[in-house]
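Student: Hey, can we go through this one together? I'd like to start with the basics.
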Amino acid sequence: MAAPESGDGNNGAARMVTLISSDNTRFEVEAAAASLSQTLQLTILDGGGGGGDGIPLPNVDSATLSKVLEYCIKHAPAAANGGAPNATAVDRAELERFDNEFVNIDQSVLYSLIMAAHNLEIEGLQSLVAKKVADMIKGKSPMEIRRTLGFPDPTPEEQAEMNAHMLEYGWAYE
Amino acid sequence: MEDVADMLVYGPEFRAMDENMQWLTLDVIKALPRPTVSTAAPLASAAAARAPADFIDRISRLPGELLRNIVSRLPAKDAARTTALAKRWRRVWHSVPFVLVDAHLLSGTGVLGRDRSPYRGTGMEAMVSGLFRMVDGPFHLTDTVSHVLAAHPGPFGFVYLIGTNMETLQDRAARWLPLLAAKGLKELVFVNLAMKLEDKVRLPTDLFKCTSLTKLYIGSWWLPDTADLPRTAAFPYLRELGLCNLIMNHKDLIFLLDRCPVLEKLLITRSRLPVCIRIQSRSLRSVQVSVAAVPEITVVNAPRLERLLLWEAWGWGDRDLTNMSCKVKIGHTPKLRILGFLVPGMHQLEIGNRVIKSENDDLKFRGPQDKVNIKFWKEAGPIECVQKHIKKLVLRGFRGRKRELDFLKFVAEHAQVLQEVVIEMTYGYLPSDNLGVKLRIFMASAKWANECCKMMAVKCPFDQEATAWCYPRGFDFSIEDPFDVSKCQEDKCGAH
């Protein structure tokens with residue numbers, strides 16, 4: 001790629017960009033943090049998002065965006081270092097602790113987050129939420145999964161299908 | 001890796017092995033790549049993530065791509081159970097590349113009946129399910145694996161089979177390979193759970209039908225006679241190959257390597273019978289040989305080879321136990337950057353036409369406690385390499401002996417371009433212990449040739465008998481120095 005992202009930061013002041021949520025709230029963040037989004041990265045490299053303009057994000061509301069940015073700000077330094085491989089064990093442990101705490105949130109927020117991470121192409125965040133939901137499913141029966149994930153109670157037909165499933169996939173229930 | 005090793009350790013097969021065999025079996029498992037899914041659920045904490053009480057199924061509104069991302073992180077049993085949720089979820093599982101770790105089928109994560117016991121979450125599940133397996137007998141796992149492999153239409157992503165003793169169950173297990181081949185399997189770990197050191201089970205030649213493989217680890221097999229294979233047999237997409245505790249002869253190994261035209265990563269470990277390794281490959285980038293009887297390693301032509309990592313890769317010594325030397329011949333390798341560990345007196349290095357041998361024969365076959373001329377470096381006169389070229393020095397297994405300190409001081413006072421010294425404490429010691437204090441006090445009096453050089457003491461992250469690096473890092477080209485243990489992800493790398 002062309003110029004390094006931190007090129008503007010030579011006077012100590014990092015370059016800032018403005019993001020605008022669907023409900024018109026403006027968020028000012030460092031370009032390096034916002035660039036964790038593959039979707040935004042090109043616009044930012046192109047010089048967009050600065051000054052009074054701002055980048056509108058019609059798919060993301062302000063509550064979700066502030067959460068997304070919290071993640072990006074925390075992960076930006078590691079990402080700038082070219083990812084994890086050469087980071088020290090202490091740095092990695094600290095990020096892991098942050099991640100575990102970060103997804104300890106209400107499920108409706110969790111799904112908004114993964115949708116936003118999907119739309120903005122923030123791979124790390126998408127994986128983190130997917131891992132969280134997968135962990136919530138592990139070791140549970142279908143009925144327990146339904147309850148955990150907030151499905152309505154099964155209709156009689158659905159119940160019959162679940163019973164049939166248990167016969168067909170016996171090995172998965174042992 | 002813990003879940004996989006635990007399931008095995010509490011099983012009846014493992015208990016029936018003698019101590020040496022148990023040790024070897026665990027060592028083979030440690031050399032295998034980590035499964036991409038785990039039964040552990042560190043993020044589960046359902047209380048905080050509870051669904052709102054309005055019974056709206058929000059998750060099913062997510063796009064298919066995200067549901068697939070979630071399901072692809074589940075072990076086979078959990079993934080299969082999600083298909084009971086709704087028709088859409090059935091399609092999701094079927095469109096995710098299938099992942100199976102046979103050890104997970106043994107785990108105490110059963111959701112009905114007996115395994116749903118008070119032992120759940122107590123750390124005793126593995127032990128309890130081990131007891132049940134004694135009742136079930138050896139066919140149970142093998143038959144379950146067969147069911148599971150038939151249940152998913154493919155394509156198959158990652159299959160990890162380590163829990164079947166192939167000597168007794170050869171017929172059943174032999175049926176798996178054609179199935180895996182037909183479903184386009186990408187990554188396979190296929191280990192015979194051998195019970196005795198002298199077990200010799202031929203690797204089924206059907207393995208060569210799995211031509212879509214990109215990663216393959218095989219363990220505790222007898223490599224088949226490749227003369228019987230069709231001349232077209234090959235793994236055209238294979239990039240990573242691990243050969244663990246195999247009985248193989250020189251010509252079959254050459255055949256195998258020759259049939260992997262894009263192979264980049266090769267691991268040979270626990271080779272108990274001697275085999276010469278000959279490398280002629282346009283694609284190989286990293287070769288790791290550990291705990292193996294190898295009288296000779298010849299790299300004829302390997303234009304992309306960057307790393308040749310050796311650990312206890314020694315000769316056989318069958319006729320003369322004092323001669324376990326291993327010849328390492330390096331031919332055309334313009335990109336070779338890392339070579340070692342070389343052991344004086346054991347390895348004879350030939351680079352091009354130059355033979356490099358340790359002149360000090362006293363070093364041959366002496367343990368560290370024997371007295372050798374420990375100041376040979378002082379008598380050698382100025383050593384150009386030390387003075388002008390060494391940038392980094394890593395001293396492993398530091399015990400605080402006088403000669404270790406003398407050596408460190410010698411290098412520190414002569415190496416003009418030295419930038420970094422890493423001292424790894426001997427197993428069981430911390431840099432903050434007396435040993436580390438002794439080191440710092442002694443080195444404080446050194447007059448460093450390069451005053452900007454940094455010195456760092458770290459604790460040994462490995463098991464006492466383990467290699468000095470982890471295999472995954474030996475294969476990770478984004479890491480400049482696979483030996484730098486200060487960057488090691490403790491408990492996340494295989495060899496720990």
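Student: So how many helices and strands does chain A have?
Tutor: Chain A has eight helices and three strands. Both are DSSP runs numbered from the N terminus, with at least four residues (H or I) for a helix and at least two (E) for a strand. This is a predicted model, where local features need pLDDT of at least 70 and side-chain atom pairs count only at pLDDT 80 or more, while totals for chains, interfaces and linings use all residues. Residues are numbered from 1 along each chain as its sequence is written, and chains are lettered from A and ligands numbered from 1 in the order in which they are written.

Student: OK, in what order do the elements of chain A run?
Tutor: From the N terminus on, they go β-β-α-α-β-α-α-α-α-α-α.

Student: And in what order do the strands sit in the sheet?
Tutor: The sheet in chain A is open, with the order 2-1-3 and mixed pairing. Strands pair if DSSP finds at least two bridges between them. Strand 2 (26-30) and strand 3 (55-56) of chain A are the edge strands, each pairing on one side only.

Student: In which sense do strand 1 and strand 3 of chain A pair?
Tutor: Parallel, over two bridges; strand 1 covers residues 16-20 of chain A. A:Leu19 stands opposite A:Ile55 in strand 3 of chain A.

Student: New topic: how many residues are in the largest nonpolar core?
Tutor: It has 137 residues, and A:Val68, A:Ala117 and B:Val289 are among those with the most contacts inside it. A nonpolar core is a set of buried Ala, Val, Leu, Ile, Met, Phe, Trp, Tyr and Cys residues joined through C-beta atoms within 7 Å. Buried means 20 or more other C-beta atoms lie within 10 Å of the residue's own, with C-beta atoms placed from the backbone.

Student: Which helix gives the largest share of this core?
Tutor: Helix 6 (residues 123-137) of chain A, with eight residues. Domain 1 (14-138) and domain 2 (139-174) of chain A both give residues to this core, so it lies between them. Those domain bounds come from an automatic or database domain assignment.

Student: Where is another core?
Tutor: Another core, of 13 residues, lies apart from that one, and B:Leu408 and B:Val458 are among its residues.

Student: Last one: how much of chain A is buried?
Tutor: Buried residues make up 31% of the 174 residues in chain A.

Conventions: A residue is buried if 20 or more other C-beta atoms lie within 10 Å of its own, exposed if 12 or fewer, and partly exposed in between; C-beta atoms are placed from the backbone.
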